[in-house]
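Work through the exercises below with the structure open. Try each task before you read its solution.

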Amino acid sequence: MALDVPARSYALPDAVDAASLVALLSERLDLVTEPTRSATVVVVDTADRRLRTAGADLMFESVRGGGHRLVLRQHAGGPRLVAEAGRPRRTLVEDLPAGALRDHLAPLVEMRALLPLARLRVAAQPLRVLNGDGKTVVRLTMTTRAVVLDGDGGDVMLAPQLDATGVLGYVKDFERVARVLTARAGLTETSVGVVDQAVAALGGDPTGIRTKVAVRLRPDDRTDQGAVAVLVELADMVEAHLGGTLDDIDTEFLHDLRVAVRRSRSVLREMKQAFPPDELGPHRDTLRWIQEVTGDTRDLDVQLLEWANLVAGVPGTRRAALEPVRGLLVRHRTAAFRAMRRELRSTRFTESWRSYRAFLDAVAERAEGEAGPSTAPAGQAKGAKGGKKVKGKKGKGAKGKGAKATKAGTAGDGDARAPDAARPVAAVAGRRIVRVYERMVQEGSAIDATSPATALHDLRKRGKELRYLLELFGGLWPPATVRPMVGALKDLQGVLGTHQDREVQADHLRSMADELAATSGGPDALLALGALVDRLDVEQDEARAGFAERFAAFAAPDQQRVVADTFGAGA
Amino acid sequence: VKVLATYNIKGGVGKTSAAVNLAALAAQSGLRTLLWDLDPQGAASYLFRVRPKVKGGGRKLVRGRSDIVALLRGTDVEGLDLLPADFSYRYMDLALDASGKPTRRLRKVLAPLAEHYDLAILDCPPSISLVSESVFDAADALLVPLIPSTLTLRTFEQLSDFVAAEVDRTPQVVAFFSMVDRRKRLHRDVVASLPESHTTVVRSAIPAASEVELMAVERTPVVVNATRSRAARAYADLWADVRCRVGV
């Protein structure tokens, strides 16, 4: 059962002044005008705008007499949730006082930090609509807001808005008021949230930091062009997440940075024949190095994020004894983070990353030059949310084409060093998808109860390759084919991931034994650690037991036929 | 959800005034608050301008056959909802008696609302009956208004003994003075002495003030309508005491 309270927002035309609107509405509604309110609020959300996705706004509001509180408003109605809070700053859910707001936010926000996005000056004129008993049945608020810019930048005015909120149990009255607002006052509903407007006014992306590639490829695009368009977006993502990683804002900045690097490595590996190998080598080394120097911190982040779940299975009497283990993990994480930060701030990182970006620019420029003038405008493509079309002509195909003059240091059409460069991207990606899938089927079929753990780990790595190919290039084929395949792959990767994670975690915990023995409470902790490692071993065994069923679904004969028919057709 | 109940065997001692003002203060402090007007006279519903009508009446409600969410009404105080009174509540004793485990019924009725509210305040009718026994079972704390008089102590001790002896799930008792007339020496003496000898009695005291009586005319809690009045300040003190004692 939900306590749904209807709520709608209406755009107020600039020409409409509050007094005239109130006078107009008063002809049809019994209105009470409340004293105007003004305040400065700070809107917050996670970097990836999880509250926006959930249809809610969260704000720090000043409290009369000092201090602040956090107030959550849900766009579709529902109760306003409030919690006392400190001054506006980065906040984790666990920092909030226990209560309804924290309970509501926890599953939405998870491990992400709530970050101040904008400071707003708000002037509001509240109105109440009464029924025949003099009871408030709808609340209206005419609001003007301005984004406060840093320094002496002044304010940026946002579009004025009228918010209508119903009262529980008086839905018919709300609908009547809504009709008056649209039919009588001529107002139109708006779905653009206040926070979106504020973020856009500050030059940000209202949808938040991007983690998904939105390049819109066409099957006949040149492979080097398509691949480099994807790589440029991934490189943008690495850069977008670097600051939050170095500032340790939350664990997901590093996670998403690593995902973008891993995907980039995957594209370079799977599409390697679209690039001259001598150019590719150093950049593949750079990306591998970034992956290596960030690995320990991420592994420890995972250990700590999963800590509550891990210890939940340990008997209560031994759970308290595990606290020194957690303390040690935190210390290891701090040390790993410092080492990682040193590397990511090093000259090596700066220079090798700059070189990688220059490589991408050069490939993009060369590919565009080879393809001739642009046939499709870059930028937002209709029907593809945030998608960018790839510039340039359709791929001509490498076979039978004569070699052309190349730009210095880059490959051109027909360059034997990069035979796939000018081939249609669908043909090359499809061929790679079929190839990786077939190898997974072959390797997975050979796994039995006696196979070493490394066999499952290798299969998981292969699975990641396939997943990235499908995620980055799957848009070239019908979603009805790609989605079930991604689903079966995700299921398989789930058990393989658990198998591998538990092994890494158990190994790390075992390696801590000597260090732990020397700490206060060490002997008790060691005993409890044994129970924890046993539990990880059991979970690893369970994951392994689930492998056969998931793999059978992934490698079913029907599925193999679909893969060959769909992705192998143009190869 | 924490459940409080304003209760006294006597009528006209300030139960409803305390219930509506404490509920308003709770909502203003950010707690999602429900007020259940259990009194068939419907004074709390009247104060919030909500029609004292419950579809299906009290019988269907206590049997758990009503869609309780559909019966709720938002009040003019943001964050405060009301489960209105109904004249059929005068037969609630009979309805409870006809149901299984009557003293546990009200707790069961409230159970589906627990996820939506941080606090529920039950405004009880004056009596000792199955309704009050069911209220005692549902409540984490009883808020008992006491008019400072010679019989006050005796009545209060009777209630405390009854709750301790007869109720399985014993609620905490928090008593406070109500309708205090500082011009009367007896009132001053009782207000000063009783909290010394009885730890369940808090020091905050609601004055016999005209603004409290005017609530029936204004149909708004004094803590909303006359925030700086003596009565509003007294209710704020009482709310602070209750929060501290009950841990809301």
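Four exercises with solutions follow.

This is a predicted model, in which local features need pLDDT of at least 70, side-chain atom pairs count only at pLDDT 80 or more, and totals for chains, interfaces and linings use all residues. Residues are numbered from 1 along each chain as its sequence is written, chains are lettered from A and ligands numbered from 1 in the order in which they are written, and side-chain values use heavy atoms, with hydrogens and water left out.

**Exercise 1. Describe chain A as a whole.**

Step 1: count the elements. Chain A holds 18 helices and 13 strands (DSSP runs numbered from the N terminus: helices are H or I, at least four residues; strands are E, at least two).
Step 2: take the extent. The C-alpha trace of chain A spans about 80 × 70 × 50 Å along its principal axes.
Step 3: check burial. Of the 571 residues in chain A, 49% are buried (buried is under 20% relative accessible area, exposed over 50%, partly exposed in between, with a 1.4 Å probe and protein chains only).
Step 4: look at the contacts (heavy atoms within 4.5 Å). Take those in chain A between residues at least 6 apart in sequence: 70% join residues at least 24 apart.

**Exercise 2. Place A:Thr245 and decide: buried or exposed?**

Step 1: locate the residue. A:Thr245 sits in helix 6 (residues 223–246) of chain A.
Step 2: read its area. A:Thr245 has a relative accessible area of 2%, so it is buried.
Step 3: list partners beyond four places in sequence. A:Thr245 contacts A:Phe253, A:Leu254, A:Leu257, A:Phe337, A:Met340 and A:Leu344.

**Exercise 3. Do the same for B:Phe87.**

Step 1: locate the residue. B:Phe87 lies in the loop between strand 4 (80–83) and helix 5 (92–97) of chain B.
Step 2: read its area. B:Phe87 is exposed because its relative accessibility is 54%.
Step 3: find its partners. Setting aside residues up to four places away in sequence, B:Phe87 touches B:Pro40 and B:Pro52.
Step 4: check a C-alpha distance. B:Phe87 and B:Lys53 are 34 residues apart along the chain, and their C-alpha atoms are 7.5 Å apart.

**Exercise 4. Find the nonpolar cores.**

Step 1: fix the term. A nonpolar core is a set of buried Ala, Val, Leu, Ile, Met, Phe, Trp, Tyr and Cys residues joined through side-chain atoms within 4.5 Å.
Step 2: take the largest core. It has 69 residues, and A:Phe275, A:Leu466 and A:Phe473 have the most contacts inside it.
Step 3: find the second. A separate core of 64 residues includes A:Tyr10, A:Leu29, B:Leu47 and B:Trp239.
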